[in-house]
Amino acid sequence: MGGFVLAIDQGTTSSRAIVFDGDMRIVGIGQKEFPQHFPKSGWVEHDPEDIWQSVLASIHDAFGRARVEPHQIAAIGITNQRETVVVWDRETGRPLQNAIVWQDRRTASYCDKLKRQDLEKLFVRKTGLLLDPYFSGTKLSWLLSNVKGARARAAKGELCFGTIDTYLIWRLTGGRAHVTDATNASRTLMFNIATNEWDSELLEILRVPAAMLPEVKDCAADFGVTDPAVFGAAVPILGVAGDQQAATIGQACFAPGMMKSTYGTGCFALLNTGSDMVRSKSRLLTTIAYRIDGKTTYALEGSIFIAGAAVQWLRDGLKVIGDARETGTLAELADPGQQVYLVPAFTGLGAPWWDPEARGAVFGMTRNTGPAEFARAALEAVCYQTRDLLDAMHKDWRNGGDETVLRVDGGMVASDWTMQRLADLLDSPVDRPAITETTALGAAFLAGSRAGIWPGMEEFSRAWARDRRFEPAMDEKTRAMKLKGWRNAVRRTLSDF
């Protein structure tokens with residue numbers, strides 16, 4: 001074994017593999033996109049085989065760029081798109097159907113039915129999650145109800161359920177390991193985050209057989225060893241965390257009160273609350289930030305479904321830009337006299353509204369509104385939604401005070417204009433790290449520290465480095481005016497308006 005760590009970062013639109021050396025430096029990156037499937041309005045699916053092949057391709061590419069061989073990898077860490085559901089045959093490994101993606105809204109009516117039965121309080125108390133199509137449990141229940149014979153086969157132990165981490169581990173180990181970690185389990189609507197176990201009462205409500213569920217481990221644990229026939233070497237998988245929790249770890253947000261926000265397809269903000277399992281009054285999620293050495297650390301989470309996807313919409317849908325990197329430059333050119341608001345509820349609204357039936361809208365357009373104003377509105381929408389999350393978190397948990405420095409990561413943070421506007425609208429500092437691959441870094445840290453070739457939490461925290469801090473520069477009157485306009489736009493977009 002060598003001193004290298006491989007991080008597999010399996011995302012919503014692409015898979016990435018990053019090789020780190022013993023000094024936590026990136027030495028090779030591979031990335032492979034894969035197709036998205038939209039069989040009906042509001043439905044989003046992935047072919048699990050496409051995901052698997054994209055992971056393999058990205059690994060081989062990363063190895064080539066790093067000039068390392070599989071036997072030189074000391075450990076593997078995996079991070080993944082959360083809540084996406086795969087069910088496969090335990091004997092053949094063949095998926096029952098396409099994976100149902102976290103963005104998929106097909107179970108909205110089922111969630112409403114459960115709410116009418118007054119069950120949401122029970123789910124919130126046990127899982128920290130709301131009854132929303134976003135989470136895995138209702139997706140799995142739908143699949144078992146709609147694929148002929150699936151529920152009976154699952155009860156016999158013939159089928160395996162997993163989020164993407166579980167599916168990848170199964171494939172990497174040649175079907176020898178059916179496991180997940182506490183963070184991914186905590187997003188399923190079936191895992192009791194207080195007792196840290198699958199909850200039989202919730203399984204009964206969702207009609208999910210326990211026989212199909214994976215074993216739940218700490219985030220840094222022995223998840224299995226890769227099959228040499230698949231990987232080219234027998235390498236231990238020692239770290240797993242859902243993408244947002246992995247980014248929290250990669251940002252070294254280990255102390256209560258620390259907060260990170262990741263800006264990718266969506267935006268996800270997590271506030272570390274330590275051992276305090278905060279019950280939100282603002283419809284935020286109570287979730288597991290990480291579980292290490294048997295100790296659970298909790299977080300408040302706010303989820304924004306559309307962040308970078310709004311920029312993709314400008315590029316691919318409206319075709320007002322040719323490249324996502326143009327938006328910051330365009331936004332600077334926007335007419336300051338126009339207050340154009342984009343509420344990007346293309347797949348409903350997440351926290352703190354949780355309105356799956358809301359749909360996107362644009363307010364404030366004039367005859368002079370053009371690409372520059374649309375670009376500014378798309379970028380500002382991300383900032384406004386983050387402000388709503390920060391306000392809700394401060395309302396729910398005062399232990400950290402009202403002063404929060406936000407650590408940011410994801411593709412959108414490369415835009416200085418967006419990060420400055422974020423600091424302006426938050427009225428709080430925004431820190432961009434020197435290593436922006438924080439999701440992969442978090443997974444690599446879990447694996448590398450478990451393998452004994454990377455440092456523990458304290459030294460890792462000290463090694464975290466800032467690229468730039470953005471300080472708020474907007475005057476309070478302008479900020480208040482813009483926030484008032486945003487909240488009015490959201491109110492008009494909600495489905496019960």
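Strand β5, covering residues 73–80, runs parallel to β13, and 5 bridges join the two. One spot to find on screen is T79, which stands opposite A241 in β13. Keep in mind while you look around that this is a predicted model.

**The sheet and its helices**

So where do these two strands belong? They sit in an open sheet of 5 strands, and reading across it you get the order β3-β2-β1-β5-β13, with mixed pairing. The edges are β3 and β13 (237–242), each of which pairs on one side only. If you ignore direction, neighbouring strands of this sheet are turned by 15° against each other on average.

Now add the helices. Helix α1, residues 48–66, packs on the sheet and touches β1, β2, β3 and β5. Its direction makes about 150° with that of β3. Helix α6, residues 164–172, also packs on the sheet, touching β1, β5 and β13. The direction of α6 makes about 145° with that of β5.

**The pockets**

Time to look at the empty space. Rolling a probe the size of a water molecule over the atoms shows where such space is left. The largest pocket holds about 1300 Å³ of space. It is lined by 44 residues, and the ones closest to its centre are Y263, G264, T265, G410 and G411.

Which parts of the chain supply that lining? Several elements give at least two residues each. Among them are three strands you have already met in the sheet, β1 (4–10), β2 (14–20) and β3 (26–33). Strand β14 (259–263) is on the list too, along with helices α10 (243–250), α11 (308–318), α12 (326–332) and α15 (438–451). The top contributor is α11, with 5 residues.

The second largest pocket has a volume of about 650 Å³. Its lining is made of 26 residues, and F38, V44, Q103, I306 and T347 lie nearest its centre. Helix α11 turns up here as well: the largest share of this lining, 5 residues, comes from it.

What kinds of residues face each pocket? Here is the lining by class.

| Pocket | Nonpolar | Polar | Charged |
|---|---|---|---|
| Largest pocket | 11 residues | 22 residues | 11 residues |
| Second largest pocket | 10 residues | 9 residues | 7 residues |

To tie things together, follow α11 on screen: this helix gives the most to the lining of the largest pocket, and the largest share of the lining of the second largest pocket comes from α11 too.

Notes
Residues numbered from 1 in each chain as written. Predicted model: local features only at pLDDT ≥ 70, side-chain atom pairs only at ≥ 80, totals over all residues. Heavy atoms only, no water. 1 Å grid on protein atoms, 1.4 Å probe; cavity = no way out; pocket = protein on both sides within 12 Å on 5 of 7 lines; lining within 4 Å. Points joined across faces, edges and corners; volume = space filled by probe spheres on them. Helix = DSSP H or I, 4+ residues; strand = E, 2+ residues; numbered from the N terminus. Nonpolar A, V, L, I, M, F, W, Y, C, P; charged D, E, K, R; others polar. Pairing = 2+ DSSP bridges. Axes fitted to C-alpha atoms, helices over the stretch in contact; angles between N-to-C directions. Contact = heavy atoms within 4.5 Å.
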